[in-house]
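I sat down with this model to see what its atoms would tell me. My notes follow, in the order I looked things up.

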There are 2 protein chains.
Amino acid sequence: MQKPSIPKGMRDFSPVEMSRRNYIFQTIREVYELYGFRQIETPSMEMLSTLMGKYGEEGDRLLFKVLNSGDVLADFTTEELAERNSLRFAAKACEKGLRYDLTVPFARYVVMHRNEINFPFKRYQIQPVWRADRPQKGRYREFYQCDGDVIGTDSLLCEVELIQIISEVFRRLGVRTRILLNNRKILSGIAEVVGHADRLTDITVAIDKLDKIGIGRVEEELLSKGFDDDSIARLRPFIELKGDNRTQLEHLRTALASSETGLKGIEELAFILDKTDRVQLFSELTIDISLARGLSYYTGAILEVKAMDVAIGSITGGGRYDNLTGIFGLEGMSGVGISFGADRIYDVMTQLELFPEESLVGTQLLFVHFSEEDADALLPLIQGLRAEGIRTELYPEAAKVKKQMSYANAAAIPFVALVGEDERAAGLVQLKNMITGEQESLPADAAAIAAALHR
Amino acid sequence: MQKPSIPKGMRDFSPVEMSRRNYIFQTIREVYELYGFRQIETPSMEMLSTLMGKYGEEGDRLLFKVLNSGDVLADFTTEELAERNSLRFAAKACEKGLRYDLTVPFARYVVMHRNEINFPFKRYQIQPVWRADRPQKGRYREFYQCDGDVIGTDSLLCEVELIQIISEVFRRLGVRTRILLNNRKILSGIAEVVGHADRLTDITVAIDKLDKIGIGRVEEELLSKGFDDDSIARLRPFIELKGDNRTQLEHLRTALASSETGLKGIEELAFILDKTDRVQLFSELTIDISLARGLSYYTGAILEVKAMDVAIGSITGGGRYDNLTGIFGLEGMSGVGISFGADRIYDVMTQLELFPEESLVGTQLLFVHFSEEDADALLPLIQGLRAEGIRTELYPEAAKVKKQMSYANAAAIPFVALVGEDERAAGLVQLKNMITGEQESLPADAAAIAAALHR
């Protein structure tokens with residue numbers, strides 16, 4: 001006998017939580033499908049050779065590694081063991097790891113199945129990923145990602161569609177959102193114009209901090225990092241960039257006039273704004289040149305979604321990567337994708353009480369079990385109700401009625417049917433509405449009862 | 001650069017496979033919910049202390065173990081490493097493992113959440129499990145299970161409902177099935193009557209082999225295993241048991257008259273037959289006393305489902321276990337459950353071509369992309385079509401029309417819309433049915449086009 005526990009950073013999901021999570025997943029799935037995205041799944045485990053080196057040193061450290069089967073230590077020499085190098089040990093003792101995201105497995109999938117795939121390939125994928133991160137509030141070691149990517153075309157209409165998908169998903173979920181949009185080429189252009197094409201990260205960090213610490217402190221920091229006054233002066237127009245999307249684009253066009261790359265980025269942003277103007281967006285779409293996520297892999301658009309009514313980090317993100325499959329030897333495949341963060345969306349919706357009652361798919365009707373004879377007589381009626389699509393239960397035992405009613409209450413079952421000996425003889429069912437307390441007498445007929453439930 | 005591969009025994013699922021798999025999962029999910037079952041999920045990893053010792057020695061060996069994070073070898077003494085005992089090493093270097101089935105995690109869930117659960121608890125769970133088995137045709141190292149269990153009541157109405165659920169799932173899927181039903185208590189009764197209560201396995205193996213090797217060889221085998229002529233004579237009525245369910249029950253009643261346990265088993269079987277007689281079953285229900293799966297944990301009903309039109313092993317199985325949560329210190333919780341084998345059901349349905357066309361949720365309508373101007377004008381119409389629920393794509397580039405039509409063909413998209421300059425000027429859409437080749441001219445109106453697609 002042992003007191004069971006659960007691995008830290010991991011979670012059980014109760015029926016109510018599952019109903020809500022499914023509501024989110026189902027919404028995302030339907031919208032992806034309306035846009036022609038098709039679902040794939042990849043195995044939970046990948047070869048570590050597929051995963052290692054794709055997420056930086058930190059990422060490698062956070063991979064969950066699976067111990068090889070069989071007599072693992074038999075493969076090691078005494079010297080190897082004596083060395084006590086855990087990293088080298090793991091590299092030999094573990095050939096598989098749990099996937100860290102859905103992007104690298106997707107790239108691996110595209111390369112392995114390139115002869116069956118109909119390009120451009122629009123795929124979505126909703127599966128858990130694992131990271132051996134330090135668990136903390138809102139951060140888990142197992143969580144779902146909901147990715148959509150288009151691969152095999154560099155058409156910016158894909159960016160436009162992904163923005164429409166984000167907008168439609170959050171319209172359906174009722175979450176007011178702002179989509180922040182940037183382009184890696186603009187960031188590169190800024191670094192060029194500033195005269196430090198090689199110091200993209202320092203520059204973006206500086207732009208990003210403006211809101212929090214003010215322009216004076218930002219400039220101090222840049223000085224301390226070795227930027228000279230001239231560079232800082234050239235950075236200033238970008239730091240001070242203000243106004244609506246079109247105004248920002250105008251200013252950028254001037255400020256980046258000397259950078260071909262920068263101008264290309266502006267053109268791409270302008271294209272996306274032009275096309276999204278032609279459709280209805282529920283989300284706000286805002287250019288934000290301080291947005292600098294995924295700099296190590298994004299090459300074009302960068303986007304991020306914020307909930308407008310809850311202070312929480314990004315709830316969706318994405319961007320374009322020009323050579324995702326290059327790491328596996330397939331060059332020239334441009335892709336663009338987004339990833340919905342199901343857990344944060346869940347938290348936002350819980351906080352704003354946005355889950356509709358219908359999302360709770362519990363039992364609609366419970367038949368009280370008075371006696372074996374009464375229950376026997378109910379079996380065909382209950383089968384008929386299920387055939388009518390009514391989620392119906394018969395309490396499995398002739399327990400005290402009070403206990404059965406408590407069960408219905410605890411499960412939030414909205415209707416209870418009572419058929420005792422008298423009702424049975426008369427061919428009737430007493431139907432009790434558990435919310436209003438009203439009770440009505442109905443013929444013991446599936447269609448009639450189903451109709452009463454739908455009233 | 002590296003040629004990517006996938007861990008052996010594991011699979012990618014393509015869009016077509018996913019559509020079909022989802023069709024199966026969705027059917028199972030809907031039926032479970034009609035019967036009042038509610039979904040839960042548990043983490044992919046469990047503490048190895050939760051998993052070890054629950055599946056026998058063989059099961060322990062087949063568990064995938066996850067290497068602890070950090071400097072694993074630092075915890076080991078030089079002596080421990082020199083010992084080279086891989087089992088003891090793993091016990092210390094791995095505290096977590098991937099779940100092997102959904103039953104033990106469910107038991108763990110019930111014990112940990114017993115204060116929140118509303119008993120009797122009807123739960124379903126559709127998640128992958130992992131086993132480091134030798135991969136072979138139809139056997140994988142990662143596969144989905146679709147379990148439904150009722151815990152917290154010993155009412156045999158649960159067995160009846162599970163049989164109805166099986167019948168309804170396979171009715172919906174169009175798979176003709178036979179449900180084989182037995183009871184552990186009958187097997188115990190037979191062993192008692194034969195005079196070898198302790199040799200249940202040998203006896204059931206003998207009964208099971210009858211079909212394959214004939215009664216003569218079965219008796220030889222029993223003799224060689226040390227059973228005497230008397231015991232074999234007492235076993236003969238069971239081996240020769242024939243006839244319909246009621247006839248078999250009658251014979252068993254006589255043959256097991258001296259075993260209280262055996263008679264209890266008969267009573268339970270009779271109850272289930274009586275109740276299922278009151279409802280319509282699509283599946284055949286057959287008593288089969290040679291059915292002996294899960295003898296190490298089932299204590300009452302044992303059931304197994306065979307497809308009638310394909311020679312394949314069991315496609316669903318289940319039974320009652322009287323004390324599932326006892327291993328975690330919660331006594332007296334009787335449970336009964338079933339598990340649908342999604343992979344085998346998939347194979348059966350593929351072989352019999354049972355997947356309906358509607359199960360393939362691909363794009364319904366592709367708009368050919370002639371030029372940026374033409375495409376621009378289409379964006380609002382396409383948004384309107386998606387709002388009408390039509391899964392619609394715009395080809396992302398102005399590629400050659402032939403290439404775009406090939407894309408539509410390869411993706412089995414049933415309708416293609418052509419809007420060139422002339423159509424655009426006239427406010428028309430040429431709608432081509434890709435199956436019949438027919439083409440019609442329609443107003444560029446979402447509702448009109450949606451109606452044409454539904455005709």
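**Interface, polar side.** I started with polar contacts between the two chains, and the rule finds 44 residue pairs across the interface of chain B and chain A, both residues at pLDDT 80 or more. On the side of chain B that touches chain A, helix α1 (residues 15–34) of chain B gives the most, with eight residues. By class I get 53 nonpolar, 32 polar and 26 charged residues on that side of chain B. I keep reminding myself that this is a predicted model.

**Interface, salt bridges and area.** How many salt bridges cross between chain B and chain A? The rule finds 12. I pulled up one with A:Lys122 and B:Glu393, whose side chains meet at 3.5 Å, N to O. Then I went for contacts: 111 residues of chain B touch 111 residues of chain A. The buried area between the two chains comes to about 9400 Å², and carbon and sulfur atoms give 55% of that. Which three residues supply more than any other three of the area that chain B buries against chain A? They are B:Arg38, B:Arg84 and B:Arg386, with 8%.

**Salt bridges, whole structure.** Searching over all chains, I get 74 salt bridges. I looked at B:Arg61 and B:Glu58, where the side chains meet at 3.1 Å, N to O. Both sit in helix α3 (residues 56–62) of chain B, three residues apart, which is about one turn of the helix. B:Arg61 has a relative accessible area of 55%, so I log B:Arg61 as exposed. B:Glu58 is at 44%, so B:Glu58 goes down as partly exposed.

Next came B:Asp202, which forms a salt bridge with B:Arg199, the closest N and O atoms being 2.7 Å apart. B:Arg199 is partly exposed at 22% relative accessibility. I also noted a network in chain A, where salt bridges with shared partners join A:Glu30, A:Glu168, A:Arg171 and A:Arg172. While in chain A I checked A:Asp202 too, and A:Asp202 forms a salt bridge with A:Arg199, with 2.7 Å between the closest N and O atoms.

**The sheet in chain B.** I traced an open sheet of eight strands in chain B, in the order β1-β5-β6-β11-β10-β9-β7-β8, with mixed pairing. Why do β1 (38–39) and β8 (284–287) of chain B each have one side without a neighbour in the sheet? They stand at the edges, each with a single partner strand, so one side of each stays without a neighbour.

Further in, I followed β10 (residues 316–321) and β11 (residues 335–341) of chain B, which run antiparallel and are joined by six bridges. For B:Arg320 the bridge partner in β11(B) is B:Val336.

**B:Glu304.** I stopped at B:Glu304, which lies in strand β9 (residues 301–307) of chain B. Is B:Glu304 buried or exposed? The relative accessible area is 12%, and buried means under 20%, so B:Glu304 counts as buried. The side chain of B:Glu304 makes a polar contact with the side chain of B:Arg293 at 3.5 Å. Leaving out residues up to four places away in sequence, I find B:Glu304 touching several others, among them B:Arg178, B:Ile179, B:Leu180 and B:Leu291.

**β8 in chain A.** Over in chain A, β7 (residues 177–183) and β8(A) pair in the parallel sense over four bridges. A:Leu181 has A:Ile287 as its bridge partner in β8(A). In general, side chains in a regular strand alternate between the two faces of the sheet. Along β8 (residues 284–287) of chain A, A:Leu285 and A:Ile287 point to one face and are buried, while A:Glu284 and A:Thr286 point to the other and are not.

**Backbone oddities.** Most peptide bonds are trans, and most residues other than glycine have a negative phi. I went looking for exceptions. The bond from A:Phe119 to A:Pro120 is cis, with omega near -5°. B:Phe119 and B:Pro120 are also joined by a cis peptide bond, where omega is about -10°. B:Pro120 lies in the loop between α6 (103–112) and β5 (121–130) of chain B.

For phi, I noted B:Glu353, which is not a glycine yet has a positive value of about 50°. B:Glu353 is in the loop between α13 (342–351) and β12 (365–367) of chain B, and is exposed at 71% relative accessible area. B:Ala412 also has a positive phi, near 55°. B:Ala412 sits in the loop between α15 (401–410) and β14 (415–418) of chain B, and counts as exposed at 60% relative accessibility.

Methods:
Residues numbered from 1 in each chain as written. Chains lettered and ligands numbered in written order. Predicted model: local features only at pLDDT ≥ 70, side-chain atom pairs only at ≥ 80, totals over all residues. Heavy atoms only, no water. Buried < 20%, exposed > 50% of the residue type's maximum accessible area, 1.4 Å probe, protein only. Helix = DSSP H or I, 4+ residues; strand = E, 2+ residues; numbered from the N terminus. Pairing = 2+ DSSP bridges. Contact = heavy atoms within 4.5 Å. Buried area = accessible area lost by both parts, 1.4 Å probe. Salt bridge = Lys/Arg side-chain N within 4 Å of Asp/Glu carboxyl O. Polar contact = N/O pair within 3.5 Å; in protein donor to acceptor, adjacent residues only side chain to side chain. Nonpolar A, V, L, I, M, F, W, Y, C, P; charged D, E, K, R; others polar.
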